[in-house]
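User: I'm new to this structure and would like a close look at one small part of it. Could you pick a spot, walk me through what sits there, and then show me how it fits into the rest of the chain?

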Amino acid sequence: MADKLRLTALDADDLAVISAAVQDSLVAVRDCAFFAGEKRFVLLLNRFCWEADATIETAYWRTHSALVFNEVDAVHHHKIPLQQPDRMLELLAVGQQKDGSVVLSFAAGRAIRLEIGRLACHLGDVGEPWPTPWKPAHPAG
């Protein structure tokens, strides 16, 4: 496996790179936290390593990562089962909207919208990667 991934997003183009890196990450509801006093929103992810070289050792890897948004003024949930802290969510994409907010889109029509003062996002791997036999698949069309 390559070195640990560390990315920063300060604009929508940077955020698109982070979105690609976190696609198909798994996150428990309990591992999504808004620290209002710090204006920070954090997700602890079980990230599929899309950047891994499939020709070396094992074909697929996962690792724990932290996705952090700073300058967050408010958090809005859509269909997030907050009463089920152990429920796993599949993160599909992260994008910035025209109004400046950031939307984290999950499978099953779930979403979290962050009202932000400015985009300041960081992604960093925090653990050692482990092999997995499963590669996420998406239906064509």
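**A close look at Asp-125**

Analyst: Let's start with Asp-125, which counts as buried because its relative accessibility is 5%, under the 20% cut-off for that label. Keep in mind as we go that this is a predicted model. You'll find Asp-125 in strand 10.

So what does the side chain of Asp-125 reach? One partner is the side chain of Ser-65, with a polar contact of 2.6 Å. The side chain of Asp-125 also reaches the backbone nitrogen of Leu-5, at 2.9 Å. If you set aside the neighbours within four places in sequence, the residues in contact with Asp-125 are Lys-4, Leu-5, Arg-6, Arg-47, Thr-63, His-64 and Ser-65. For a feel of how the chain folds back here, take Leu-44: it is 81 residues from Asp-125 along the chain, yet their C-alpha atoms are separated by 9.7 Å.

Now hop over to Ser-65, which is in strand 5. Ser-65 is buried too, since its relative accessible area is just 1%. Besides its polar contact with Asp-125, the side chain of Ser-65 has one of 3.2 Å with the side chain of Arg-47. Again leaving out neighbours within four places, Ser-65 is in contact with Leu-43, Leu-44, Leu-45, Arg-47, Leu-123, Gly-124, Asp-125 and Val-126. Arg-47 turns up in the contacts of Asp-125 as well as in those of Ser-65.

Leu-43 on that list is our way into the nonpolar part of the chain. Not counting residues up to four places away in sequence, Leu-43 touches Val-27, Asp-31, Cys-32, Ser-65, Ala-66, Leu-67, Phe-69, Leu-104 and Phe-106. Leu-43 also belongs to the largest nonpolar core, a group of 29 residues; the members touching the most others are Leu-43, Leu-67, Phe-69, Leu-104 and Leu-114. Elements giving two or more residues to this core include strand 4 (40-48), strand 5 (61-70), strand 10 (121-125) and helix 1 (12-22). Helix 1 gives the most, with four residues.

That makes helix 1 worth a glance. Its buried residues are Leu-15, Ile-18, Ser-19, Ala-21 and Val-22. Looking down the helix axis, these fall within an arc of 160 degrees, so they line one face of the helix. At the N-terminal end, Asp-11 acts as a cap: one of its side-chain oxygens lies 3.1 Å from the backbone nitrogen of Asp-13. After the helix comes Asp-24, with a positive phi near 75 degrees.

Finally, let's zoom out. The chain has one helix and eleven strands, and from the N terminus the order is β-α-β-β-β-β-β-β-β-β-β-β. Its radius of gyration is 15 Å, close to the 14 Å that the globule rule gives for 141 residues, so the chain is as compact as a globular protein of that length. The C-alpha atoms fill a box of roughly 45 × 35 × 30 Å along the principal axes. Of the 141 residues, 42% count as buried, Asp-125 and Ser-65 among them. Among contacts between residues at least 6 apart in sequence, 68% join residues at least 24 apart. As for the outside, the accessible surface is about 7,700 Å², with 54% of it belonging to carbon and sulfur atoms.

Conventions:
Residues numbered from 1 in each chain as written. Predicted model: local features only at pLDDT ≥ 70, side-chain atom pairs only at ≥ 80, totals over all residues. Heavy atoms only, no water. Core = buried A, V, L, I, M, F, W, Y, C linked by side-chain atoms within 4.5 Å. Buried < 20%, exposed > 50% of the residue type's maximum accessible area, 1.4 Å probe, protein only. Contact = heavy atoms within 4.5 Å. Polar contact = N/O pair within 3.5 Å; in protein donor to acceptor, adjacent residues only side chain to side chain. Arc of directions from axis to C-beta. Rg over C-alpha atoms; globule rule 2.2 N^0.38 Å. Areas by Shrake-Rupley, 256 points an atom, 1.4 Å probe, with all protein chains shown as cover.
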